[in-house]
Every structure is written in C-alpha cells, then in structure tokens.
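Biologist: Before we use any descriptive words, could you take me through this model and show me what each word rests on?

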Amino acid sequence: SLLSFHSTHKWKGVKVATLDISNGSDALVGSKHFHNLNDLKGKTGLRIAYTSGSPSDTFRKGLGMFFAPELFSTKPDEVKRAKSIFIEVKDSEEAFKLLKEGRVDLAFLWEPHVSQAVKDEFRKIIGSDELEGLIVDDIVVERNFAQKHPNAVKRLLYHYFAAMEYYRDHPDEHIAYLQKATKTDDPEAVKTMLKGIIVPTL
C-alpha cells in the first residue's frame, strides 16, 4: 500500500515504526458450506465484498497473487477473466451486513466482525495468520519532514510507545477503550481481536 501511494501521489515517505502485524484479525469469511480456498476454485459469479484501500483490499490482492488469481486477481490483464463479482463497500461493518443479508457470498472482514461472523455460524475460510507479514500497519513520515524535524518524529514515537506501555500495564482500561472505539459490547470480542495482532515493542 505504501509503494502504491508513493507511485500514485509522488509522495516520498520513510517508515519509522511498525504498529502491528495482522495475525488472524483479518479474514475472508463465507457460508459454512465453504471450508477453505479449494472449495472456491471452479466457482463462477461469486459475490465478494471488500473495502478498497483497506487491509481487506491488501488481503484480497495477496490471495490474487499467491493463492487463487482466477478468483481474486486485480491485475488489469486478468480482471477481465476473473470469475468473481467484487462489491466495494465502505468498511468491514457494511461487508458483514451484506454477508448476513445474503447479498454477497464472501466478505473480507476485520475484527470485531470476524469473530461476530464466526459466532453467527459463518466460516473463516482463510485468515491473515496464514499469510504472515502481508498486512502491516506502520507509521510513515514524509521524508523531507523527517530530515528537517527529527525531534518531532522522536516525540511522536516516544508518546506512541509510552501510550502502549501504559495500556500494557492497565489492560482493563485498554479493553474498555477498544470497546468504545469499535462499538463492541462484549469485552471477550476485544480480547479475541487483540489475539489476532502482533504488536512489536522497542
């Protein structure tokens, strides 16, 4: 995504830290009669919901590159031959809604909707834990800014990791904050979400 952004916007950035690595918190979800990617092969007209420019889009492209190009490829010369119908949505919540309503066959979701979907008896067909390192959230700073204002970058990193240290030492507050941020009533769902990401430390 960073390379794509650089190419499209002519914006030169430098990665200064990795925030987290998806390790199961993103997934392709579908009905129970789909067990894995092999069950999708040979299918035509599958309606697949995804969020453009999001981790789910990265996941979709990864599946198209490494697993099932005939279903998920986004390359211009292959899109015309694709056997799937991609439906762009605004976020994971909308994708999950379409899946529950039967308006799509598959949906790229992220937590807490992955856990909610499994609870509602949909199947997690493949998760980001099976494509290690594909979905990574980074802090990226414009290169010239970083060179001219190194102390500002250092302060940003200091306060970010200080906040992470605080939440590490106060897990109940962390859970409560994430419940509010994700509009989730169930604290166990948030705990499951956290298990699906790897958070590097200094």
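Modeller: Let us start with helix 8 and helix 9, which are roughly perpendicular to each other; please keep in mind that the model is predicted.

Biologist: Why are helix 8 and helix 9 called roughly perpendicular?

Modeller: Helix 8 (residues 150-169) and helix 9 (residues 171-182) pack at an angle of about 110°, with their axes 5 Å apart. Angles of 65 to 115 degrees count as roughly perpendicular, and helix 8 and helix 9 are therefore given that description.

Biologist: Which residues of helix 8 and helix 9 meet?

Modeller: On the helix 8 side they are Y166, Y167, R168 and D169, and these meet P171, E173, H174 and Y177 in helix 9. By character, the residues of this contact divide into 4 nonpolar, 1 polar and 3 charged.

Biologist: What makes strand 4 and strand 6 edge strands?

Modeller: The open sheet has 5 strands in the order 4-3-5-2-6, with mixed pairing. Strand 4 (84-89) and strand 6 (123-127) each pair on one side only, and they are the edge strands.

Biologist: How do you know that strand 2 and strand 6 pair?

Modeller: Pairing requires at least two bridges between two strands, and 4 bridges join strand 2 (residues 26-30) to strand 6, so the requirement is met. These two strands run antiparallel, and within them A27 stands opposite G127.

Biologist: Which helix packs on the sheet, and which strands does that helix touch?

Modeller: Helix 5 (residues 92-100) packs there, touching strand 2, strand 3 (46-51), strand 4 and strand 5 (106-110), and the direction of helix 5 makes about 145° with that of strand 5.

Methods. Residues are numbered from 1 along each chain as its sequence is written. This is a predicted model: local features need pLDDT of at least 70, side-chain atom pairs count only at pLDDT 80 or more; totals for chains, interfaces and linings use all residues. Side-chain values use heavy atoms; hydrogens and water are left out. Axes are lines fitted to C-alpha atoms, for helices over the stretch in contact, and angles run from 0 to 180 degrees between N-to-C directions. Angles under 35 degrees count as roughly parallel, over 145 as roughly antiparallel, 65 to 115 as roughly perpendicular and the rest as oblique. Contact means heavy atoms within 4.5 Å. Ala, Val, Leu, Ile, Met, Phe, Trp, Tyr, Cys and Pro count as nonpolar, Asp, Glu, Lys and Arg as charged, and the others, Gly among them, as polar.
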